[in-house]
Each structure stands twice: as C-alpha cells, then as structure tokens.
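I opened the notebook to go through this model entry by entry. My first stop is the pocket question, then the fold around it.

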Amino acid sequence: MSSLSGVTVTDDVVAEFQKIKIGKKYSYIQMKISDDKKVIEMEKAVDSATYEDFVHQLPDKICRYAVFDFKYELGDSGTREELVFIVWCPDTAPIQMKMLYAASKDALKKKLVGVGQEVQATELSELSKHDVTEKLKSRKYS
C-alpha cells in the first residue's frame with residue numbers, strides 16, 4: 001500500500017512491528033523514509049531503553065517514525081502498557097522532509113495494526129513522559 005506521496009512500507013517494518021507488538025521483544029523501533037524517498041524502512045530496533053533514552057536519541061534536524069512500548073501508572077489501577085506511534089518532525093527539519101513524512105504517515109499506520117495512541121512532535125518538550133502519560137490516560141477514560 002502506498003501513501004499519497006507514493007512511499008510504501010517495507011515488509012521488514014511490519015515484521016519488526018510484530019516483534020514489539022506480540023513478542024514484546026523491543027522497547028522501541030524506529031523507522032525512516034529511504035534516501036531515494038520510495039520506502040519507509042527500519043532504522044533500528046532497540047531491545048532495552050527507557051523512554052527518556054529514546055527521546056534523547058532522536059535526531060535534531062531529521063524526521064523519524066517510531067513505535068515505543070510505553071509503560072505508565074494508573075494509580076490504584078496499576079501499570080498499563082501501550083504501543084505509542086510517534087511522528088517526530090522537528091521544526092529544524094527541511095520543509096520538504098516534513099511534508100513527505102506527513103503525507104506518508106497514514107500508509108505506515110495502516111500497516112501497524114494494533115498500535116495505540118499517536119503522538120506528533122516538533123520539539124522535545126512535546127514528548128515529555130508526563131504529557132504522553134496524560135494523553136494516554138485521557139483517551140482511556142474520556
């Protein structure tokens with residue numbers, strides 16, 4: 001399936017997503033649009049990392065997609081775990097790149113069946129653990 005931009009998703013992305021979804025093999029997977037702008041491909045799959053480690057490794061001037069296995073507390077109801085789809089397009093990224101990532105996002109999301117909340121961010125402060133947790137909580141109980 002291609003996107004409005006014509007970018008398609010590689011089978012490798014879907015296979016690695018299944019490993020984080022079903023096998024809980026990774027803390028996160030990170031994807032990028034290939035240099036030739038034709039496919040969304042895997043960039044990395046990280047076995048063990050904190051959310052803060054993930055956020056701090058995001059590139060300063062380049063867009064990325066990611067799925068993070070996010071764990072959060074619900075007070076008396078205990079701990080929850082949810083796959084969060086993250087679209088990282090920093091303000092400092094070239095406008096053409098931001099447009100390509102925006103136009104290609106839906107094709108990727110359709111391949112990632114079972115992903116939970118989507119978070120779009122243009123600066124690191126929009127990815128604070130507190131804000132993501134609150135977004136997840138509000139969606140569950142709204």
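Before listing any lining, I fix the term: a pocket is an open set of grid points with protein on both sides within 12 Å along at least five of seven lines, and a lining residue has an atom within 4 Å of a point. I also note at the outset that this is a predicted model.

**Entry 1. The largest pocket**

I looked up the volume of the largest pocket and found about 180 Å³. Which residues line the largest pocket? I read off Lys32, Ile33, Ser34, Asp35 and Lys37, then Ile62 and Arg64, then Gln96, Met97, Leu100 and Tyr101. I sorted the residues of this lining by character: five are nonpolar, two polar and four charged.

Next I asked which elements supply at least two residues each of the lining. They are β2, residues 28-33, and α3, residues 95-111. The most comes from α3, which gives four residues.

**Entry 2. Overall layout**

I counted four helices and six strands in the protein. Along the sequence I wrote down the pattern β-α-β-β-α-β-β-α-β-α.

Then I checked the dimensions. The C-alpha atoms fill a box of roughly 50 × 30 × 30 Å along the principal axes. A compact globule of 142 residues would have a radius of gyration near 14 Å; the protein has 15 Å, so the two agree. I found 42% of the 142 residues counted as buried.

I also looked at contact range. Among contacts with a separation of 6 or more, 63% are between residues 24 or more positions apart.

**Entry 3. The sheet**

In what order do the six strands lie in the sheet? I traced β1-β3-β2-β4-β5-β6, an open sheet with mixed pairing. At the edges I found β1 and β6, residues 118-121, each pairing on one side only.

I went through some of the pairings in turn. Strand β1, residues 8-9, runs parallel to β3, residues 39-46, and two bridges join them. There I saw Val9 opposite Ile40 of β3. Strands β2 and β3 run antiparallel, joined by six bridges. Strands β2 and β4 are antiparallel too, over four bridges.

**Entry 4. β2, strand by residue**

I stayed on β2, as it also supplies part of the pocket lining. I followed Tyr28 to both neighbours: it stands opposite Val46 in β3, and its bridge partner in β4 is Phe68. For Ile29 I noted Val67 as the bridge partner in β4. For Gln30 the bridge partner in β3 is Lys44.

Is β2 mostly covered or mostly open? Mostly covered: six of its six residues are buried. I checked the two faces separately. Tyr28, Gln30 and Lys32 are buried on one side, and Ile29, Met31 and Ile33 are buried on the other. Of these, Lys32 and Ile33 appear again in the lining of the largest pocket.

**Entry 5. Positive phi**

I reminded myself that most residues other than glycine have a negative phi. I then looked up two exceptions.

Lys37 is not a glycine, yet its phi is positive, about 60°. I placed Lys37 in the loop between β2 and β3. The hairpin of these strands has five residues between them. With 53% relative accessibility, Lys37 lies over the 50% cut-off and therefore counts as exposed. Lys37 is also one of the lining residues of the largest pocket.

Lys24 is the other one I noted, with a positive phi near 50°. Lys24 is in the loop between α1, residues 11-21, and β2. Is Lys24 buried, exposed or partly exposed? I found 44% relative accessibility, so Lys24 counts as partly exposed.

**Entry 6. A buried loop residue**

Where does Leu74 lie? I found Leu74 in the loop between β4, residues 64-73, and β5, residues 79-88. Its relative accessibility is 13%, under the 20% cut-off, so Leu74 counts as buried.

I then took a distance from Leu74 to Leu108. They are 34 residues apart in sequence, and their C-alpha atoms are 29 Å apart in space.

Definitions and conventions: Residues are numbered from 1 along each chain as its sequence is written. This is a predicted model: local features need pLDDT of at least 70, side-chain atom pairs count only at pLDDT 80 or more; totals for chains, interfaces and linings use all residues. Side-chain values use heavy atoms; hydrogens and water are left out. On a 1 Å grid over the protein atoms alone, a cavity is a set of points where a 1.4 Å probe fits but cannot get out, and a pocket is an open set with protein on both sides within 12 Å along at least five of seven lines; lining residues have an atom within 4 Å of a point. Grid points are joined across faces, edges and corners, and a volume is the space filled by probe spheres set on the points. Ala, Val, Leu, Ile, Met, Phe, Trp, Tyr, Cys and Pro count as nonpolar, Asp, Glu, Lys and Arg as charged, and the others, Gly among them, as polar. Two strands pair if DSSP finds at least two bridges between them. The radius of gyration is taken over C-alpha atoms; the globule rule is 2.2 Å times the number of residues to the power 0.38. Buried means under 20% relative accessible area, exposed over 50%, partly exposed in between (1.4 Å probe, protein chains only). Contact means heavy atoms within 4.5 Å.
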